[in-house]
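Student: I have a model open and would like to read it piece by piece. Can we work through some questions together?

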Amino acid sequence: MKIKVLLIDDEEKLRSLTSKLLVYEDYDVFEAGNIASANQKVELHVPDVVLCDVKLPDGNGVDFCIKSKEKFPEIEFILLTAYGRIQDGVKAIKHGIFDYLVKGDDNDKLIPLIEKASQKALLQKELTKLKSKLSKQYNFDSILGDSEKIQEAKVLARKVSQSDTSILLTGATGTGKEVFAQAIHYEGKRSDKSFVAINCSAISGEILESELFGHKAGAFTGAVTDKKGLFEEANHGTLFLDEIGEMPLELQAKLLRVLESGTFIKVGDTKEKQVNVRIITATNRNLPEEVTAGNFREDLLYRLSVIQIHLPSLSDRRTDIPELVDHFVKIFSVKANTKVKKISPEFIREVQKLPFKGNIRELRNLVERAVILCDGDTLTAEQLAPSYQREINEPKSMTMASAEKAQIIRVLKHVNGNKTQAAKVLEIGLTTLYKKLHDFEIE
């Protein structure tokens with residue numbers, strides 16, 4: 001596909017000559033003699049690069065380029081001037097204009113400059129596509145489940161995504177806290193900026209400080225060069241601090257300072273740095289209890305939990321399991337290149353009985369294993385790991401009633417649900433069996 005260039009100049013002969021040169025270089029060229037025409041051409045063709053004269057009959061080219069850049073950030077603008085006014089060039093570049101050329105003096109620089117500008121424009125378009133893809137991948141619609149508790153969490157998270165306030169996500173391990181944090185970021189007003197995440201429990205205190213705030217060369221052994229911290233990387237974007245309850249107390253004080261003043265000091269430095277970062281934190285701990293135990297700062301907890309969103313465990317949203325299983329089957333059947341396309345009701349039934357202490361993460365791993373081990377096109381309970389099958393079949397208590405219930409279920413499975421046959425095997429009357437099925441709530 002050819003690079004599209006819009007040439008804006010009121011000098012028709014010069015414009016025509018430049019246009020022929022660009023066509024010869026295999027660019028797709030459009031022309032405009034004034035700002036009114038240029039606006040129409042930009043809207044119609046959305047060029048990759050715009051070459052614009054500074055002085056035009058109906059306005060100033062610098063102002064036109066600045067306004068157009070705000071509306072079309074993917075387009076790169078190059079100013080052409082016959083006077084070489086430095087203030088015009090400085091003003092333009094401050095507002096994101098790619099560069100400016102002096103007519104007549106810089107003709108040999110024109111083609112190389114357009115080439116550089118077009119490469120940047122194409123890169124910007126790819127970046128925009130990637131951000132669009134990310135915003136579709138990480139949004140609240142991509143969070144599966146219709147159960148009441150997950151819907152409540154989604155409604156609250158979507159409502160606060162447009163603000164800059166601090167959010168604390170709570171819930172057991174594996175409930176999808178990072179997925180929620182990403183959705184809040186990509187549906188918020190900082191979606192075009194960076195989303196940076198770090199697990200505070202995975203890194204020791206000294207290294208975590210350097211990761212968060214950066215360091216100066218020579219700050220400690222091995223610090224050979226200056227390093228930017230995650231706060232700088234996330235500037236104007238979002239920083240997600242997972243497992244915030246694991247952060248050492250001395251680091252909690254530094255984090256509180258950033259939240260209160262928007263400033264921090266790199267390790268080994270003396271100068272303050274200013275940042276504008278939205279903070280989202282997550283924990284599976286009870287932070288008020290950690291405050292009482294002296295492991296977490298109470299003032300920091302107040303700052304982090306302006307909005308608190310609790311994510312339910314999978315055991316509290318079992319009605320969502322069929323949808324989640326179907327989603328994971330589609331992912332892993334493609335990834336593992338298997339024929340699995342269907343899920344038996346028995347598989348879903350058995351999976352819904354599991355406690356899922358590892359929540360969605362555990363369910364994902366269970367489905368991945370089942371898909372890999374499945375020889376046919378349908379997932380059945382046979383693909384469940386032996387440990388899960390034992391967990392399903394073993395009685396959850398040691399009472400006589402639970403043992404009796406487990407025995408009835410085993411026999412019914414053995415005779416494929418034939419109740420008359422099951423009564424014979426159990427050596428009880430059919431009426432007695434029906435009563436026990438009712439009492440034990442066995443379907």
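Tutor: Yes, and some ground rules come first. This is a predicted model, in which local features need pLDDT of at least 70, side-chain atom pairs count only at pLDDT 80 or more, and totals for chains, interfaces and linings use all residues. Residues are numbered from 1 along each chain as its sequence is written, and side-chain values use heavy atoms, with hydrogens and water left out.

Student: Which residues does I280 touch, not counting residues up to four places away in sequence?

Tutor: Contact means heavy atoms within 4.5 Å. By that rule, I280 touches I167, L169, A181, I184, T238, L239, F240 and L241.

Student: Where is I280, and why does I280 count as buried?

Tutor: I280 sits in strand 13, residues 278-283. Strands (E, at least two residues) and helices (H or I, at least four) are DSSP runs, numbered from the N terminus. Buried means under 20% relative accessible area, exposed over 50%, partly exposed in between, with a 1.4 Å probe and protein chains only. I280 counts as buried because its relative accessibility is 0%.

Student: How far apart in space are I280 and T238, C-alpha to C-alpha?

Tutor: In sequence, I280 and T238 are 42 residues apart. In space, their C-alpha atoms are separated by 7.3 Å.

Student: What is the strand order of the open sheet of five strands?

Tutor: Two strands pair if DSSP finds at least two bridges between them. Here the pairing is parallel. The edges are strand 9 (195-199) and strand 14 (307-310), each pairing on one side only. The order is 9-10-13-8-14.

Student: Which residue stands opposite N199?

Tutor: Look at strand 9 and strand 10 (residues 238-242), which run parallel and are joined by five bridges. The partner of N199 lies in strand 10 and is D242.

Student: Which element gives the most to the largest nonpolar core?

Tutor: A nonpolar core is a set of buried Ala, Val, Leu, Ile, Met, Phe, Trp, Tyr and Cys residues joined through side-chain atoms within 4.5 Å. This one has 29 residues, and L212, F231, L239, L241 and I244 touch the most other members. Elements giving two or more residues include strand 9, strand 10 and helix 10 (249-261). With five residues, the top contributor is helix 10.

Student: Which residues of helix 3 are buried?

Tutor: Helix 3 covers residues 61-71. At its start, a side-chain oxygen of N60 reaches to within 2.7 Å of the backbone nitrogen of V62. The buried residues are G61, V62, F64, C65, I66, S68 and K69.

Notes. A polar contact is a pair of N or O atoms within 3.5 Å; within protein, one must be able to donate a hydrogen and the other to accept it, and residues adjacent in sequence count only if both atoms are side-chain atoms.
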